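I opened this notebook to record what I looked up, entry by entry, beginning with a helix and going on to pockets, cores and a few backbone details.

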Amino acid sequence: MTLLLSESDVHQLVTMQDAIKAVEEFFSHKEIDAVSSPRTRSFTEGSVLHVMHASHPYQGRAGVKAYLGTRHGAKFLFLLYDLKDGTLLAAMGADILGRYRTGAASGVATKHLSGLKSFRLAIAGSGSQAATQVEALVRIANIESVSVWSPTKASRERFAQSVTEELGVECNASESLAEAFKRCDVATTITTASRPFVTDQLLGGVMHVNACGSNRESRAELSPEAVSIFSTVCVDDLVQAKIESGDLIQAADAGAFKWESALELGQVVRNGFNRKGKTLFKSNGIAGEDVALASLLYDRAIRKGEYEASFDFSTR
C-alpha cells in the first residue's frame, strides 16, 4: 500500500533539524552510494513541467519530484520508492518539502564553508522560500541579527516581524540591499530576479553568500564581477550547475569564473574545508536532497501510525 501525505501532513511531520541532518547525510554519501540526476524541463506555451530524480542505496530508497509551473503558480508532487522491490512507498506534496530541503542545504553549506559559529545575517527576498532559509541558519549558528530586503516594503516588513516573533531573533527590514548587506557577515539571496542585482561593491564585508534564487541559465542574482571576488565557489551538483546555474554560467562566459575551480558540497562535507577568503554556495536544488528528507518523513509517518495507506499500485 502507498502512503499519501498532503502538504499539511508534510508540514506536521518535518522539522528543520531533521532537514539539516538528512541533507548533510546525503551530501556525505553523494557520488559514493547516492546518485542525483539533473532536473529536466518540458516547455509549452504557458507552462513548464520540471522533473528530477535520485537513487540512494544508503537509504534503500529512490524518488522522483515533478512540478508544473503555470501563470497560476506551481504544483509539486514527490514519489518515494523502495529500491529493493520497487514498491511505491509514498506520494506526498513537495512544496513544503522543497522549502525545507533548500533551506537545509544553505545551512549545511554555511556550516562547512564559513566556519562561523556566530554571525549577522542578511537575506534578499521575502517570499515563500525565505523563512526556511533563515530558520536553517538559526539552527546551525548563533544569529546575532537578521536584515531583510525585498522590493516591496510591506512584504519585507511583514517578513521581519514574522522572523522576530517565530524564530526569536531580531530581524530588521532594510530600505535598500546595500543597507542590509552592510550589516552582515553572511548573506542569502532567494529571489525570482531574472537579472543580476548583487554587485561586487555590495559584498565588501560579507564573508559567505548562499545564492539560491536562480536555477536557469538565463537568470542570475549575482553579477559576474560579484562572482569573481569569491576565493571559493561551491555547488550542490557540478553537472546540474553547468546546465542551470545562471550566476556561474554568465560569470564563466565573462571570464570571471572557471568551472574547474568549483567544489561540490559533498566533497566539502566528506573531506573538510580550510577557508581562505570569501566563500560562495550556489544552490540549484537537487533531487538527492528531496529523497533524503522524504525518506525520513515517510519513516516518521509509519512510526506514528496516524496516516492511512490509500492505494495499492502493485501488480499480480
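**Entry 1: helix α3**

I began with α3, where 16 of the 20 residues are buried, so this helix is largely enclosed by the rest of the structure. I note here that the model is a predicted one, and I read every value below with that in mind. For the geometry of α3, I looked up the distance from its first C-alpha to its last, which is 28 Å for 20 residues, close to the 28 Å expected at 1.5 Å a residue. I then checked what comes after the helix and found that α3 is followed by Gly115, which has a positive phi near 70 degrees.

**Entry 2: the largest pocket**

Which element gives the most to the lining of the largest pocket? I found that it is α3 again, with 5 residues. The elements that each supply at least two lining residues are the strands β2 (35–44), β3 (47–56), β4 (61–70) and β5 (73–82), together with α3 (95–114). The space in this pocket comes to about 1,100 Å³, and its lining is made up of 40 residues, with Gln129, Thr191, Thr192, Gly213 and Asn215 lying nearest the centre. I sorted the lining of the largest pocket by class and recorded 20 polar, 12 nonpolar and 8 charged residues.

**Entry 3: the second largest pocket**

I went on to the second largest pocket, which holds about 310 Å³ of space and is lined by 17 residues, with Ala131, Thr132, Phe159, Ser162 and Glu166 nearest its centre. Here α3 appears once more, since α3, α4 (130–140) and α5 (153–167) each supply at least two residues of the lining, but the largest share, 7 residues, comes from α5. By class I noted 7 polar, 6 nonpolar and 4 charged residues in the lining of the second largest pocket.

**Entry 4: the nonpolar cores**

Which residues touch the most other members of the largest nonpolar core? In this core of 67 residues, I found them to be Ile143 and Leu265. I followed Leu265 further and, leaving aside its neighbours within four places in sequence, listed its contacts as Phe27, Ala105, Val108, Ala109, Cys234, Val235 and Phe281. Apart from the largest core lies another, of 28 residues, which includes Leu202, Val206, Ile249 and Ala262.

**Entry 5: helix α9**

Having met Ile249 in that other core, I looked at helix α9 (residues 246–253), whose buried residues are Gly246, Asp247, Leu248, Ile249 and Ala251. I recorded that the buried residues of α9 pack against α7 (224–228), β12 (232–235), α8 (238–244) and β14 (279–282). Just after α9, I noted Gly255, which takes a positive phi of about 75 degrees.

**Entry 6: two loop residues**

Is Arg71 buried or exposed? I had located Arg71 in the loop between β4 and β5, and its relative accessible area of 74% makes Arg71 exposed. I also looked up its separation from Ser47, which is 24 residues away along the chain, and the two C-alpha atoms are 7.4 Å apart.

Finally I turned to Glu31, which has a positive phi of about 70 degrees although it is not a glycine. I placed Glu31 in the loop between α2 (16–29) and β2, and I closed the notebook there.

Terms used
Residues are numbered from 1 along each chain as its sequence is written. This is a predicted model: local features need pLDDT of at least 70, side-chain atom pairs count only at pLDDT 80 or more; totals for chains, interfaces and linings use all residues. Side-chain values use heavy atoms; hydrogens and water are left out. A nonpolar core is a set of buried Ala, Val, Leu, Ile, Met, Phe, Trp, Tyr and Cys residues joined through side-chain atoms within 4.5 Å. Buried means under 20% relative accessible area, exposed over 50%, partly exposed in between (1.4 Å probe, protein chains only). Contact means heavy atoms within 4.5 Å. On a 1 Å grid over the protein atoms alone, a cavity is a set of points where a 1.4 Å probe fits but cannot get out, and a pocket is an open set with protein on both sides within 12 Å along at least five of seven lines; lining residues have an atom within 4 Å of a point. Grid points are joined across faces, edges and corners, and a volume is the space filled by probe spheres set on the points. Helices (H or I, at least four residues) and strands (E, at least two) are DSSP runs, numbered from the N terminus. Ala, Val, Leu, Ile, Met, Phe, Trp, Tyr, Cys and Pro count as nonpolar, Asp, Glu, Lys and Arg as charged, and the others, Gly among them, as polar. The expected span of a helix is 1.5 Å times one less than its number of residues.
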